[in-house]
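Hello,

Here is the structure I promised to pass on to you. Please open it next to this email and look up each residue as you read.

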Amino acid sequence: MEVKIYKDKIEVAHEFCNYFADLVADKNDFHVALSGGSTPKLIFDVVASKYGNKIDWSNIHFYWGDERCVAPTDDQSNYKMTHEHLFSKIELPKENIHRILGENEPKGEAMRYSNLLEINLDRVEGIPQFDLVILGMGDDGHTASIFPHEIDLWHSKDHCVVATHPDSGQKRVSINGAVINTAKEVVFLVTGKNKAEKVDEIHNKNGNFKSYPATLVAPKSGKLTWFMDEEAAGSI
Ligand code: 6PG
């Protein structure tokens, strides 16, 4: 595991963009699972402005590690956020966007997306393998849409599961732990002081770290990188 700590979220965004551009530079078929929430917004803006016309996007296929069960036009939609901050600003073939259909019935959509991953991605011991999985972490220690109150979903046999947000009750479709830990590379993008407590517990193996899904992220490849700002990294 590698921990990269930068001054602020703008520096995190620029450093991650350089890392991403280097990673995809010599690839002609690259499959990446994106995170949702708010942290990626600035990062996607920087990717688009800095590398928009420098990366051959036709080689890159985009998926999501999780999606909120809402329409793609809804402000809660991770797809909508990504379209506004990245896709609308780059030359990306539509067929390279593999959206979780948040507007569909959650269980059926989880199965459909599981099948799509099996068809589109190489498999390792039957588990679809992404080239890169990008994750965020909630201030409750959740990642993708695997929340502490449903941590058993991490071990589900289904590549994609239906989860429930602990406060809003909102349904989510999320990849499971096996898909995350089978990825060739996994990156955490974590910024802001509200994440510092869980970052401290997870990295120092104290407090309730065992109850946080983010603690279970341990790709078999060993390639795990945390990109953080000083606020999130706090005392580690
Ligand atoms: C989502 C995410 C989720 C997110 C964390 C952090 O759909 O909400 O994929 O796992 O990464 O909740 O969210 P913020 O970046 O908004 O803090």
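**A histidine and its partner**

The side chains of His 159 and Glu 118 make a polar contact of 2.7 Å. A polar contact here is a pair of N or O atoms within 3.5 Å; within protein, one must be able to donate a hydrogen and the other to accept it, and residues adjacent in sequence count only if both atoms are side-chain atoms. His 159 sits in the loop between strand S7 (132-135) and strand S8 (160-164). Helices (H or I, at least four residues) and strands (E, at least two) are DSSP runs, numbered from the N terminus. Is His 159 buried or exposed? His 159 is buried, because its relative accessible area is 8%, and buried means under 20%, exposed over 50% and partly exposed in between (1.4 Å probe, protein chains only).

**Before you go further**

This is a predicted model, in which local features need pLDDT of at least 70 and side-chain atom pairs count only at pLDDT 80 or more, while totals for chains, interfaces and linings use all residues. Residues are numbered from 1 along each chain as its sequence is written, and side-chain values use heavy atoms, with hydrogens and water left out.

**What the record says**

An unreviewed UniProt entry annotates residues 11-226 as "domain: Glucosamine/galactosamine-6-phosphate isomerase". UniProt positions are given in the numbering used here, feature names are shortened, and annotations may be inferred rather than shown by experiment. In the model, this span is 30% helix and 19% strand, and the C-alpha atoms at its ends lie 14 Å apart.

**Around the ligand**

Which residues come nearest to the ligand? Of the 14 residues around the ligand, they are Ser 38, Thr 39, Asp 66, Ala 144 and Lys 195. To count as near, a residue needs a heavy atom within 4 Å of the molecule.

Three side chains place an N or O atom at these distances from an oxygen atom of the ligand:

- Arg 68, at 2.8 Å
- Asn 78, at 2.9 Å
- His 142, at 2.8 Å

On its own the ligand has 410 Å² of accessible area, and the protein covers 88% of that. Accessible areas come from the Shrake-Rupley method with a 1.4 Å probe; for residues, only the protein chains shown count as cover.

Take another look at Ala 144, which lies in the loop between S7 and S8. Ala 144 has a phi near 45°, a positive value in a residue other than glycine. Ala 144 counts as buried because its relative accessibility is 9%. Lys 205 also has a positive phi, of about 45°, although it is not a glycine. Lys 205 is found in the loop between helix H6 (196-203) and strand S11 (224-229), and with a relative accessible area of 61% Lys 205 is exposed.

**Salt bridges**

Side chains of opposite charge can pair when their charged atoms come close. How many salt bridges does a search of the whole structure find? The search finds 13, a salt bridge being a side-chain nitrogen of Lys or Arg within 4 Å of a carboxyl oxygen of Asp or Glu.

One of them joins Lys 89 and Asp 45, at 2.7 Å from N to O. This pair links distant parts of the chain, 44 residues apart: Lys 89 is in the loop between helix H3 (78-85) and helix H4 (106-120), and Asp 45 is in helix H2. Lys 89 is partly exposed at 42% relative accessibility, and Asp 45 is partly exposed at 24%.

Asp 66, which you met beside the ligand, forms a salt bridge with Arg 172, with the closest N and O atoms 3.9 Å apart. Arg 172 lies in strand S9 (residues 171-175) and Asp 66 in strand S4 (residues 66-68), so this pair ties together parts that are 106 residues apart in sequence. Both Arg 172 and Asp 66 are buried.

A third salt bridge to look up is Arg 112 with Glu 109, whose closest N and O atoms are 2.7 Å apart. Both residues lie in helix H4, 3 residues apart, which is about one turn of the helix. Arg 112 is partly exposed, with a relative accessible area of 30%, whereas Glu 109 is buried at 2%. Lys 7, Asp 8 and Glu 11 are joined into one network by salt bridges that share partners.

Happy exploring!
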